[in-house]
Amino acid sequence: MEKMQRINAALRGDAPDRPPYGFWTHLPGIDLDASRLARETAAFSERYDLDFIKTMPNGLYPTIP
């Protein structure tokens, strides 16, 4: 199955080929630069072959100029 098929099957309550998985991770320091955060998050996802990405940037990210 492809990633979206796996996720959609799980959400429908069908049996995917394996449970979809992802990681909840912080990238301290990197998360202060939106472009770098996007690149590093994509690289992390590819490295671990994640089915989905749960991002959690710095809690102050929306208020940092």
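## D51 and its surroundings

D51 sits in the loop that runs between α2 (34-48) and β2 (54-55). In this predicted model, the residue has a relative accessible area of 8%, and because the limit for a buried residue is under 20%, D51 counts as buried. Apart from its neighbours within four places in sequence, D51 is in contact with K3, R6, I7, R18, P19, P20 and Y21.

Among these residues, R6 makes a polar contact with D51 through the side chains of both, at 2.7 Å. K3 and R18 are bound to D51 by salt bridges, which are described under the next heading.

## Salt bridges

The count of salt bridges comes to 6. One of them is formed by the side chains of K3 and D51, with an N to O distance of 3.9 Å. This pair links distant parts of the chain, since K3 belongs to helix α1 and D51 to the loop between α2 and β2, 48 residues apart. K3 has a relative accessibility of 30% and is therefore partly exposed, whereas D51, at 8%, is buried.

Another salt bridge joins the side chains of R6 and D17, at 2.8 Å from N to O. Here too the pair links distant parts of the chain: R6 is in helix α1, D17 is in the loop between α1 and β1, and 11 residues separate them. R6 is buried at 5% relative accessibility, while D17 is partly exposed at 47%.

The side chains of R18 and D51 also meet in a salt bridge, with 2.7 Å from N to O. R18 is placed in the loop between α1 and β1 and D51 in the loop between α2 and β2, 33 residues apart, and the pair again connects distant parts of the chain. R18 counts as partly exposed, at 27% relative accessibility. Through shared partners, salt bridges join K3, R6, D17, R18, D49 and D51 into one network.

## D49

D49, a member of that network, is placed in the loop between α2 and β2, the loop that also holds D51. Its relative accessibility is 43%, so D49 counts as partly exposed. The phi angle of D49 is positive, about 50°, although the residue is not a glycine.

## Y21 and the nonpolar patch

Y21 is located in the loop between α1 (3-12) and β1 (24-25). With a relative accessibility of 32%, Y21 is partly exposed. Leaving out residues up to four places away in sequence, Y21 touches Y48, D49, L50, D51 and F52. A polar atom of the Y21 side chain lies 2.6 Å from the backbone oxygen of Y48. Along the chain, Y21 and K3 are 18 residues apart, and their C-alpha atoms are separated by 9.5 Å.

Y21 and Y48 also belong, together with F23, to a nonpolar patch on the surface. The accessible area of these three residues is about 270 Å² together. Y21 thus takes part in the patch and is also in contact with the buried D51.

## The chain as a whole

The protein chain has 2 helices and 2 strands, and from the N terminus on its elements follow the order α-β-α-β. Of the contacts with a separation of 6 or more, 56% are between residues 24 or more positions apart. The K3 and D51 pair, at 48 residues apart, is one example of a link between distant parts of the chain.

Buried residues make up 18% of the 65 residues in the chain; R6 and D51 are among the buried residues. The accessible surface of the chain comes to about 4,900 Å², and carbon and sulfur atoms account for 60% of that surface.

## Confidence

The mean pLDDT of the protein chain is 87, with 88% of its residues at 70 or more. Confidence is highest in α1, at a mean of 97, and lowest in β1, at 80. Helix α1 is the element that holds K3 and R6. Where pLDDT is low, the predicted coordinates should not be read in detail.

Definitions and conventions:
Residues are numbered from 1 along each chain as its sequence is written. Side-chain values use heavy atoms; hydrogens and water are left out. Helices (H or I, at least four residues) and strands (E, at least two) are DSSP runs, numbered from the N terminus. Buried means under 20% relative accessible area, exposed over 50%, partly exposed in between (1.4 Å probe, protein chains only). A polar contact is a pair of N or O atoms within 3.5 Å; within protein, one must be able to donate a hydrogen and the other to accept it, and residues adjacent in sequence count only if both atoms are side-chain atoms. Contact means heavy atoms within 4.5 Å. Patches are made of residues with over 30% relative accessible area and no salt bridge: like charges are joined within 9 Å, nonpolar side chains (Val, Leu, Ile, Met, Phe, Trp, Tyr) within 5 Å. Accessible areas come from the Shrake-Rupley method with a 1.4 Å probe; for residues, only the protein chains shown count as cover. A salt bridge is a side-chain nitrogen of Lys or Arg within 4 Å of a carboxyl oxygen of Asp or Glu. pLDDT is the predictor's confidence in each residue, from 0 to 100.
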